[in-house]
Every structure is written in structure tokens, then in C-alpha cells.
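Please open the model in your viewer and keep the selection panel at hand. The tour proceeds one selection at a time.

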Protein chains: 2
Amino acid sequence: MANNLGLSIDRSSPVPLYHQVVQGIEAAIYSGVLEPGSRLDNEIDLAAQLNLSRPTMRKAMDELVRSGLLVRKRGVGTQVVSSQVRRPLELSSLYDDLTNNGKKPTTEVLSFSHLEADDPTLATLQLPAGSKVYHFTRLRKVGGKPLALMENWVRDDIAEMDEAMLGAEGLYSILRRGGVNFRLATQRIGAMTANDYQASMLDTPAGSALVTMERTAVDDTGRRVETGHHVYRADSYSVEMTLVQR
Amino acid sequence: MANNLGLSIDRSSPVPLYHQVVQGIEAAIYSGVLEPGSRLDNEIDLAAQLNLSRPTMRKAMDELVRSGLLVRKRGVGTQVVSSQVRRPLELSSLYDDLTNNGKKPTTEVLSFSHLEADDPTLATLQLPAGSKVYHFTRLRKVGGKPLALMENWVRDDIAEMDEAMLGAEGLYSILRRGGVNFRLATQRIGAMTANDYQASMLDTPAGSALVTMERTAVDDTGRRVETGHHVYRADSYSVEMTLVQR
DNA sequence: GCAAAACAATTGTGCTGACATTAAGACTTT
DNA sequence: AAAGTCTTAATGTCAGCACAATTGTTTTGC
């Protein structure tokens, strides 16, 4: 069963070979060339077809297995899992998610200040006493409808920002342009009921359900860059993720 | 800086070498031998110290980077990230999580039946028309306090189960003992307010906040094994996860 | 005819070697 | 003294090989 998935490898490209393979197979799965449940050729043949070594091929398949798109079984082969199983949660911001889905989010900056951090913030961001941070609250709307109320604290020695920038683009894109390379984030998701302030801002009745998220992001040098406490209208937002068994 | 982390490798063990290294370094981090922020020796030296090849060492470090315990930077080295950043969410059940944390959960089976699945369930579990499934609702308490109200549908051609088993142990452990090897699951987390029934079962006021979770689990042969809709008291439950940038 | 044993196919683990790329520091030059 | 340049050290990528472990199939033996 030679499943000729028409992917080609560009050896002069700066993007690593295994990553090209990942992208190629992903595209084949999402476009339907590789149907859910179908078996791939074995690693050695696939590598030969693309003129790659087996380790390179394996590294590509490793990533796809990790992300839940493929399933391998020793002695048997490799299968495409059901297409309905979506991609795992990645480190992205709400703003990115929305724009990637073709929505046009708007951001209203409700407050903005540059001040000395209080003790909990110092501890969360692991800053020395007396450090200053940016503190701001934003309201995000999609299609005119309020979706999220966000409060953030950002260390100030890493990027410049002001109210106008925050109103025009997402926090993460500002930070990335300022040279921050995000590595990981921890977040906690829970629920609460809307108080009067939240209800009025989000245009929903007091007492309605909200999704809460607390997040702290770390950059590639280990610095805690940003922490935030966000609430979302539960009728318009939920978090989807794929868990992969190790 | 030779950071002598006293880990030893057992070449006669059936557990893969790279996995032994992963466990060793994890243990060193959690025990404090490797302090947050400290730099590791470079890959080649580390491999030499343990009499391993560099690819094996790298594979171990890859896993630790993926799970968010280490941070690498080309040309610089590898660092231990802050210890406060916890492990990523894994594919485990609530029951497992609780018992692992020393709690003693109890389960009350509220209803149990073995019947033909309705259309949405057939679609979710990808079963042919007329298939039968187990359907049951359970109430989980910890320390006598209700925590979760759970409704599940399980395909019946994969494991036998009855009311008594569900009252005595977790669903996932029943399925695992029945030979199911879980591979991945998709879940969606959101929020809602408690209706009268939920409120009375969970011993909380009507209208209080609940965390909702919908999950569908897939086994290693690609079959949809189980799907469920759970609600948790928001004052006792939240989901924590670590997101790693790829 | 059936069960056990041998075989083939496939992924899993591990090694050696080579070169590319990036980042930081040391050095030189202006 | 400041700026640019070279060197060095570390991770990133890729090739090729060998053997182990597991699973499904085929053959063999009773």
C-alpha cells in the first residue's frame, strides 16, 4: 500500500527537514489526502521515498504522535487518528486565537498604570522589592460583543508599552516584538459567578457563569514576564485541549 | 561547573536508558539537588559522565524540555526552570489524581443502565446504529464533601462493568484492567451555574458556579472508548496546566 | 484439525560521526 | 575607549548502522 502523499522536501530551505515532513503530513491529514484510520507506509520506506534518513523521519513522526495526529504500534505500523481529534493546546494568546479564526477582536483599555508592584505580584513575577510593573485592565470584544475582562501585570524591564499600543494589538504580539521569546506558561482554569462590575462590563446578568483563567508566562531566559487574571463569558468561551498519553 | 547529580544508570534494566535519565533528573529537580535556574553541564559532558551517547542524552533532555522542566538555548546551555512551574496535565482520571494526592474519594452510583445509544452518543463514539452502551451517573465525594457530578457513556464491547464496580473504583482503572490502552483524549472546559438538581446533589446553592468538562477518550486502536460530561464545584476544583512553546 | 513454533514485518532503542547555527566573550583595530 | 571581528562553546540537525522487542502471519508437528 503505497500511499503517495505528494509531499516534497526542499533541502535548500532553512526550515529543518523533519519539520517540513511534519508540515507535509499535517497538511495531508487536514486536506483529507490521508484519511482517518488509514495506515502509513513504514518508517524505512517513507524515509527512502523522501530521500531522508530514518532518524529524521522518526523525529517527524514523533512530533505528530506527540500532538495526537498519529498513533504508532510496535510490530504493526502507524495510523492516522480520527480527524475530529483536534490539536493540543499551544502557547498562544486569546488575541492570536481570534485573529487566526478570522474574527476581528477589539480591545478597550480600561485602566493603565506604571507603578511599584505589590507583594503578591512581586512574588509571582519573582521580582526584587521596589520593582515597577505595568498594570492594566482591558475589555475584549468580538463583533461588538464583550467576551473577556482581563487584568495583567507585566515587568517593565523587558518592553516598552503604553495605552495606545494595548488598544491596537494583543499583549503577546507587543512583547514578542519587544524581543521576548516565550517558552512556557502555567495556567489555571476555573469558574465563578459574575459580580456586578463584571456583569456590567461583559453585558451579562449578575450571577451568570464566567470562566476564569490565571496565567503566568516565562521567557527563554527563565524570567517571569507576565501574569494575568482573566474572566470570560461562559456562553462564548471554553478551553479545548488534547491530552496525550506518554 | 561539574554538577554531580548522583544518578546512576542500570544497563541491565528493561527501562530504556533515556527514560532512566529523565527520571533521574526529574528526581534531582524535585529533591532540590538541581536548583531552579542552575545550569546543567553540556550535553556531551553529561553523556560522557553517564557513559551514554549524545543522542540518548539529548532524547532525555528533549522530554524534560517538552514537559517544561528544562530550558535550552543554542550556544548557551541548559537551565532548570523555576520549580514553581508544575508538570503539564496528563491523561489521568479524577479518581487517580485524588488517590495520588492521598485523598480518599468515594463514589456513589446514582443510575446505571445498559441500553441502545442515542444518536449524539453514536456520533461521538463513532458507533454503528443500534449499538449498545453503558450509561451511568455518579457522584464523587472527598472527605464526605461532594465534588463532582459525572455522567458517562462507555461502549460495551470493550469491558464488562456493573454498578458495584463503579462504586468501588475509578472508571479508568476498570477500563485499563479490561485491557484498554488509552492513547489520547480531547476535553473541553467551561463554566455554568448550578441548576436545582446539581445544586442539591453537590450541596451548594442553586446558581453557584460550576466547572464543566466534556471528555472523549481514544484507545491505542483508535476506538472512541468513553465520553462523559462532568460538573465540578468551582470552589473546590480547577484545572492547572503547563503550556510549552514548540 | 488444531495448537504450538518459526518467521516476517514494524517500531523501539542505542551508538558513532559529522557539520551547521547561534550566542557570548575575548581580542583587535580604529 | 568604543566599535567591530574573531574565537569558542554550546545546542541543532542529519546520516547511517545495528540490534531488541512486539505483533501478526505462516508453517509445522502432532
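The stops below follow the two DNA strands and the protein residues around them.

This is a predicted model, in which local features need pLDDT of at least 70 and side-chain atom pairs count only at pLDDT 80 or more, while totals for chains, interfaces and linings use all residues. Residues are numbered from 1 along each chain as its sequence is written, chains are lettered from A and ligands numbered from 1 in the order in which they are written, and side-chain values use heavy atoms, with hydrogens and water left out.

**Stop 1: DNA strand D**

Select DNA strand D and the residues near it, that is, those with a heavy atom within 4 Å of the strand. There are 25 such residues, and A:Arg11, A:Leu17, A:Thr56, B:Arg58 and B:Arg74 come nearest. By class they comprise 7 nonpolar, 8 polar and 10 charged residues; here Ala, Val, Leu, Ile, Met, Phe, Trp, Tyr, Cys and Pro count as nonpolar, Asp, Glu, Lys and Arg as charged, and the others, Gly among them, as polar.

Next, colour by secondary structure, where helices (H or I, at least four residues) and strands (E, at least two) are DSSP runs numbered from the N terminus. In chain A, α1 (17-31) and α3 (54-66) each supply at least two residues of this surface, as do α3 (54-66), β1 (70-73) and β2 (77-80) of chain B. The most comes from α3(A), with 4 residues.

Which part of DNA strand D do the atoms within 4 Å of the protein belong to? Sugar or phosphate accounts for 77% of them, and bases for the rest.

Now display the polar contacts (pairs of N or O atoms within 3.5 Å). A polar backbone atom of A:Leu17 is 2.4 Å from a phosphate oxygen of DNA strand D. Polar side-chain atoms also lie by phosphate oxygens of this strand: that of A:Ser53 at 2.8 Å, and that of A:Thr56 at 2.6 Å.

**Stop 2: DNA strand C**

Move the selection to DNA strand C, which 24 residues surround; A:Arg58, A:Arg74, B:Arg11, B:Leu17 and B:Thr56 are the closest. Of the strand atoms within 4 Å of the protein, 75% are in sugar or phosphate. Here α3(B) gives the most to the surface, with 4 residues.

Three contacts merit a view. On B:Leu17, a backbone N or O atom lies 2.4 Å from a phosphate oxygen of DNA strand C. For B:Arg74, a side-chain N or O atom is 2.9 Å from a sugar or linking oxygen. Finally, select A:Gly75, where a polar backbone atom is 3.1 Å from a base oxygen of DNA strand C.

Technical notes
A polar contact is a pair of N or O atoms within 3.5 Å; within protein, one must be able to donate a hydrogen and the other to accept it, and residues adjacent in sequence count only if both atoms are side-chain atoms.
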